Each structure stands twice: as C-alpha cells, then as structure tokens.
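Work through the exercises below with the model open. Try each task before you read its solution.

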Amino acid sequence: MNKSDMTDTAILTVKGLSKSFGGVKAVNDLTFSVQKNHIHAIIGPNGAGKSTLFNLITGIISPDDGEVRFFNNNITSLRSDRIAQHGVSRTFQNIRLFPDMTVFETVLIGTYLLTGAKLVPAILLTKSFREKEKTARKSVEEILKFVGLWDVRDEYAAQLSYGNQRRVEIARALATKPQLLLLDEPTAGMNPKETKELMNLFTAVNEEGITILIIAHDMNLVNTLSDQITVINFGEKLVEGTADVIQKHPAVIEAYMGKVEANA
Ligand SMILES: Nc1ncnc2c1ncn2[C@@H]1O[C@H](COP(=O)(O)OP(=O)(O)OP(=O)(O)O)[C@@H](O)[C@H]1O
C-alpha cells in the first residue's frame with residue numbers, strides 16, 4: 001500500500017491539547033492529526049511548545065486539557081511505558097545513554113518493554129525468560145544491522161560518535177516495535193554528512209511502515225522528508241500543509257523565518 005492510500009487513516013489525533021507552566025501556555029488548544037505512514041514534521045520557533053507537545057503525547061507529562069488518541073485508543077495521560085506498549089516510541093532532544101552499557105545492551109533494554117521481562121524471572125532464569133531473551137537478542141541483531149551499528153555492538157554506546165549515539169537511541173526506540181516514532185530534533189548538532197545519513201535512515205524506517213513525527217529546525221530536512229508539516233507558535237497551530245504550502249505562507253515567514261533570522 002503506498003502513502004496516498006493511507007491519507008485518510010489517522011494514526012495519531014491530538015485534540016484541544018493544552019498545558020501551562022505557571023503563566024506560560026506552552027501548548028494551547030492544539031488540534032492536529034498524523035496520517036499513517038507519513039513523515040510529519042512539527043516546526044516552530046524556539047519555545048513554541050514542540051518538546052512539550054512530545055512530552056504530552058508520550059506521557060512524560062499530563063495535559064491540563066484535551067485528548068491524545070492513538071488509532072482508536074485514548075492514550076491521554078497513560079504512563080510512558082504503557083504508551084510505548086501501544087506502539088508509540090520516541091527519542092529525546094538531548095541524547096540519553098547509560099555510560100556503562102554497550103550498544104547491544106542498550107538496545108536490548110528497549111526490547112524488555114515489549115516482552116514484559118521482569119527482574120525476578122531474569123534472576124531465576126526460567127525457560128520462558130530464556131526464550132524471550134533469545135527472541136529479543138535476535139531482534140536486537142536485526143535492528144542493529146538495519147541502523148548500521150552491528151559492527152560496534154560491543155562498544156560503549158556513550159563513547160560512539162555523536163551521529164552513532166543518535167543511531168543507538170533510534171535503535172532503542174525501534175526495539176519496542178513502534179508504529180509511530182517521535183524524533184525530537186534528531187539532527188541537532190550533527191555535521192552535514194551525519195545529517196544526510198540520518199535522513200536516509202529516517203526514510204528507510206518510514207519505508208518499513210513506521211510513521212514518523214519529527215521536530216526539526218533544519219528546513220532542508222523538513223522540506224525533503226515531510227509529507228505534512230504543522231507549524232506551531234506560542235503553543236498554537238499556525239499553519240499546516242505540505243512543504244510547498246508552508247514555505248510560501250506569510251504567517252510562517254513572519255513568525256518562523258523572521259524569528260530564525262532574529263536568532264542568527
Ligand atoms: N518544565 C517546564 N517548566 C516551566 N516552563 C516550561 C517547562 N517546559 C517548557 N516550558 C516553557 O514552555 C514553553 C515551550 O517550551 P518547549 O521546550 O516545549 O518549546 P520548544 O518549541 O520545544 O523549544 P526549542 O525549539 O527551543 O526546543 C517555553 O516558554 C518553555 O520555557
């Protein structure tokens with residue numbers, strides 16, 4: 001099935017979502033949906049509410065108001081691990097890796113969310129645990145080969161190049177077998193070569209049938225990869241559409257491009 005066949009299938013629906021911190025309305029009555037199989041970008045100036053939106057979708061924080069639905073399931077305010085079990089996984093703006101874990105171990109931890117492996121059976125080494133562990137290790141092998149990290153599987157994740165550390169995070173997110181992957185500024189701080197390679201990886205992930213919601217400032221990335229773009233400003237939706245529509249929109253040029261120039 002190609003993307004155009006999927007355009008009417010919303011995988012994620014955000015409705016009237018709001019979150020304030022003190023007097024700051026970080027996300028304000030935000031409504032939008034993500035179509036299955038799309039690469040959907042969220043853009044907006046610094047402080048527009050993008051990361052807060054991701055934190056609300058993935059259960060890191062709870063909204064003051066509004067709803068998040070994944071297919072037909074209301075996932076609003078569920079615990080993060082429960083949301084991951086529904087099929088929503090994410091990476092964070094700042095890379096978060098344990099310093100004393102290898103690449104393989106880091107990604108293996110991600111599979112535990114899926115298998116529901118618990119510490120007690122792990123200690124007792126029950127037959128059921130051993131079988132789950134074998135399946136999980138096979139899955140990690142496939143993922144590491146897919147993201148191009150198999151050769152460095154035994155190295156400490158936190159000691160890899162920045163681009164490869166980001167790959168580890170993506171691999172860990174893929175280990176939960178998501179249908180929707182949220183990437184929060186995944187190419188921030190990357191050099192052009194690393195950025196290009198990660199863009200190729202996102203395309204490959206998407207071609208595996210995984211929908212991607214991505215926060216990015218890099219307009220080349222956004223315009224090249226996105227099927228749909230939602231622009232937010234002051235926590236509210238400003239405009240939505242394809243790259244062609246967004247680039248020409250006066251409100252975007254004023255609010256977003258203007259701010260970028262101001263920051264330059
Ligand atoms: N935990 C928090 N406590 C207080 N204020 C917060 C908190 N998290 C976010 N904010 C505020 O909410 C607003 C939106 O922040 P958010 O980080 O979501 O923006 P952003 O679009 O992701 O920005 P950037 O592009 O710089 O990462 C900002 O004014 C920010 O200072």
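**Exercise 1. List the residues that surround the ligand, then sort them by element and class.**

Step 1. The shell consists of F21, V24, A26, G44, N46, G47, A48, G49, K50, S51 and T52. A residue is near the ligand if its C-beta atom, placed from the backbone, lies within 6 Å of it.

Step 2. Two elements give two or more residues to this shell: β2 (24-35) and α1 (50-57). The largest share, three residues, is from α1. Helices (H or I, at least four residues) and strands (E, at least two) are DSSP runs, numbered from the N terminus.

Step 3. By class, the shell has four nonpolar, six polar and one charged residue. Ala, Val, Leu, Ile, Met, Phe, Trp, Tyr, Cys and Pro count as nonpolar; Asp, Glu, Lys and Arg are charged; the others, Gly among them, are polar.

This is a predicted model: local features need pLDDT of at least 70, side-chain atom pairs count only at pLDDT 80 or more, and totals for chains, interfaces and linings use all residues. Residue numbers start from 1 along each chain as its sequence is written.

**Exercise 2. Find the domains and describe how they touch.**

Step 1. An automatic or database assignment sets the bounds. Domain 1 is 1-87 + 180-264, and domain 2 is 96-177.

Step 2. The contact takes 11 residues from domain 1 and eight residues from domain 2. Two residues are in contact if their C-beta atoms, placed from the backbone, lie within 7 Å.

Step 3. On the domain 1 side, α2 (80-86) and α7 (192-207) each supply at least two residues. The most, four residues, come from α7.
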